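Thanks for coming. I will walk through one protein model today, going from single residues to salt bridges and then to the whole chain.

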Amino acid sequence: MAAQDTGKLQVAIVGGGIVGLITALGLLKRNIPVTIYEQASSFREIGAGVAFTANALQCMALLDPVIVDAVNAVATQNGESGAPPNDYLRYHDGYRWDPADPDGSDDKLLGLLYSGYKGFQGCHRAALLDELVKYVPAHVVQFRKRFAECEDKGPDQKLLLRFSNGTSAEADLLIGCDGIKSKIRQLVLGASNPASYPHFSHKVAYRALIPMEQAEPALGAFKAYNQHMHTGPGAHVLHFPVAAGRLLNVVFFVREPGDWPLGDPNGVGNMTRPAARADVAAAFAGWGPTVTRLVALLPDVLDKWAIFDTYDHPAETYVRGRVCVAGDAAHAAAPHHGAGAGIGVEDALALCTLLELATATATARGGGGKATAVVVEAALRVYDEVRPPRSRWLVQSSRDVCDVYEGTHPDMGDDWDRCLADIKARSHRLWYFDIDGMLRELRDGYRARVPVSGAEEKDGKGDDGSAAASMDNVVLEKVAIGVAT
């Protein structure tokens, strides 16, 4: 890496997915030099649909408003074209129906959950990544950089990163945004630690993007252009429009009682297997006509995705010295809340807030060497105190809420009044997160570990240190609440 200004931290991010790019943009907005190391030859995103909660959009605005612009550029509102946005998430009984009265009994509405104005907006993952890339300067990214190891040569020297192609780089700290199979998590926790690897949740997903010209005639306009969840015992189906309403993102979730060995935990493609529409039809045999029509829309051949997470062996820490993990690299969750990416955005805001403070301290103290290492380690320890409780809860709740959807949770069964109340409570815990409280906790924690003078502190926020003090130019219409997979 090129030499930087005295006191400026040199940050390395391993992983060029959504959370990695958003973290980099937040650092660049704060004039903190950063380099993204991506193992692929270009940016790419796995999966189909994604949406963000209101708190995630607010965090994006605080990181850099262009991130919200990128989301808005590719977001598809919930609702038919020309109609007001639909502000409700819908839960239907896709399983129970009367063959003697299919029109009157199929897909009974179980409940609605209000999600706020423009409460659900879906994005195509690849389209969002493409939009974010437009704001990342070309010199910030290095491709074909598969991380191999990191050497900490002591507090008076930078970290030395080595890559599998024989190249190396230096940085003051390393942020792992390298996803569910994170090599950086292995570095933080140890290669022999079971928490270094994801584990099978015994759920699989069959995903597809259906052209809307096929979906609308089969489902009708309302079902095609509005988010729906169709539930039943041990399985459920989620769908919502993406790509400006040109595609319907459909996901079929099914319980898989057997194991799913990963073999090489760092291998490519070992969380998917080839499947056929006939496999999905067998899993949903006997379900109602709506679900049967959704199955019929699938291509003959598709992929079966194993859902792995960190539920069985949560990471006991997200930090080791000047190395940390964020997003799925820290706390990969099952997708049933659709909040994994959003919680990763919160991680990004936390790290950018702390590293802005650390940069100001290092600059005021002359920068470089051991002084920089001390403030970086202190900042990351605060991150490790503040962020894990919420993200670990997400991992736990994502498993639990799937059982609630499918009527198999031991506390609620298929009592949908109780199920909906439980879903609402969990969703509100995600959606109405106290961002100001998190920022105060981060700053207070940093000040407790690194006492600073007024001249040293430069956090770019209002006198009260609140998120609201930096939100003056954020348009409320940019905020969306959603659940996605």
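**Starting from one loop residue**

Asn-31 is exposed, because its relative accessible area is 53% and the cut-off for exposed is over 50%. Before going further, please keep in mind that this is a predicted model. Asn-31 sits in the loop that runs between α1 (18–29) and β2 (34–37). Its phi is positive, at about 60°, although Asn-31 is not a glycine.

His-202 also has a positive phi, about 65°, and His-202 is not a glycine either. This residue is placed in strand β13, residues 199–211. His-202 counts as partly exposed, with a relative accessible area of 25%.

Back to helix α1, where we find Thr-23. Is Thr-23 buried or exposed? Thr-23 counts as buried, at 1% relative accessibility. Its side chain reaches the backbone oxygen of Val-19 at 2.8 Å. Leaving aside neighbours within four places in sequence, Thr-23 is in contact with Ile-13, Ile-175, Cys-177, Ala-348 and Cys-352.

One of those contacts, Ile-175, leads to the next topic. The largest nonpolar core has 90 residues, and Ile-175 is among those with the most contacts inside it, together with Val-11, Phe-52, Leu-161 and Leu-174. Helix α12, residues 340–364, gives the most to this core: twelve residues. There is a second, separate core of 31 residues, which includes Tyr-206, Leu-219, Val-237 and Leu-297.

Now the salt bridges. Side chains of opposite charge can pair when their charged atoms come close. How many salt bridges does the structure hold? The structure holds 22. I will show three pairs and one network.

The first pair on my list is Asp-107 and Lys-223, whose side chains meet in a salt bridge at 2.9 Å, N to O. Asp-107 lies in the loop between α4 (102–105) and β6, and Lys-223 lies in helix α8 (residues 221–225), so the pair ties together parts that are 116 residues apart in sequence. Asp-107 is buried, with a relative accessible area of 5%. Lys-223 counts as buried too, at 17% relative accessibility.

Next come Lys-304 and Glu-256, with a salt bridge of 3.3 Å, N to O. Lys-304 lies in strand β18 and Glu-256 in the loop between β16 (247–255) and β17 (272–276), so this pair ties together parts that are 48 residues apart in sequence. Both Lys-304 and Glu-256 are buried. For Lys-304 the figure is 15% relative accessibility, and it counts as buried because the limit is under 20%. Not counting residues up to four places away in sequence, Lys-304 touches several others, including Val-204, Tyr-206, Trp-260 and Arg-273. Tyr-206, as I said, is one of the residues of the second core.

The next pair is Glu-385 and Arg-449, which meet at 2.4 Å, N to O. Glu-385 is in helix α13 (residues 369–386) and Arg-449 in helix α16 (residues 435–449), so to speak of distant parts of the chain is fair: they are 64 residues apart. Glu-385 counts as partly exposed, at 43% relative accessibility. Arg-449 also counts as partly exposed, at 37%.

Then the network: Glu-346, Asp-347, Arg-387 and Arg-390 are linked by salt bridges.

Let us turn to the surface. Which residues make the nonpolar surface patch of about 480 Å²? They are Tyr-88, Leu-109, Leu-112, Tyr-114 and Tyr-117. Strand β6, residues 108–114, supplies the largest share of the patch, three residues. Tyr-88 has its place in strand β5, residues 88–93, and counts as partly exposed at 36% relative accessibility.

Another partly exposed residue is Arg-418, at 45% relative accessibility. Arg-418 lies in helix α15, residues 416–431. Apart from neighbours within four places in sequence, Arg-418 is in contact with Asp-411 and Met-412. The C-alpha atoms of Arg-418 and Val-404 are separated by 9.2 Å, and these residues are 14 apart along the chain.

Last, the whole protein. Its secondary structure comes to 16 helices and 20 strands. Of the 485 residues, 58% are buried. Among contacts with a separation of 6 or more, 76% are between residues 24 or more positions apart. The protein exposes about 18,800 Å², and carbon and sulfur atoms supply 50% of that.

Definitions and conventions:
Residues numbered from 1 in each chain as written. Predicted model: local features only at pLDDT ≥ 70, side-chain atom pairs only at ≥ 80, totals over all residues. Heavy atoms only, no water. Patch = residues over 30% accessible without salt bridge, like charges linked within 9 Å, V, L, I, M, F, W, Y side chains within 5 Å. Areas by Shrake-Rupley, 256 points an atom, 1.4 Å probe, with all protein chains shown as cover. Salt bridge = Lys/Arg side-chain N within 4 Å of Asp/Glu carboxyl O. Helix = DSSP H or I, 4+ residues; strand = E, 2+ residues; numbered from the N terminus. Buried < 20%, exposed > 50% of the residue type's maximum accessible area, 1.4 Å probe, protein only. Core = buried A, V, L, I, M, F, W, Y, C linked by side-chain atoms within 4.5 Å. Contact = heavy atoms within 4.5 Å. Polar contact = N/O pair within 3.5 Å; in protein donor to acceptor, adjacent residues only side chain to side chain.
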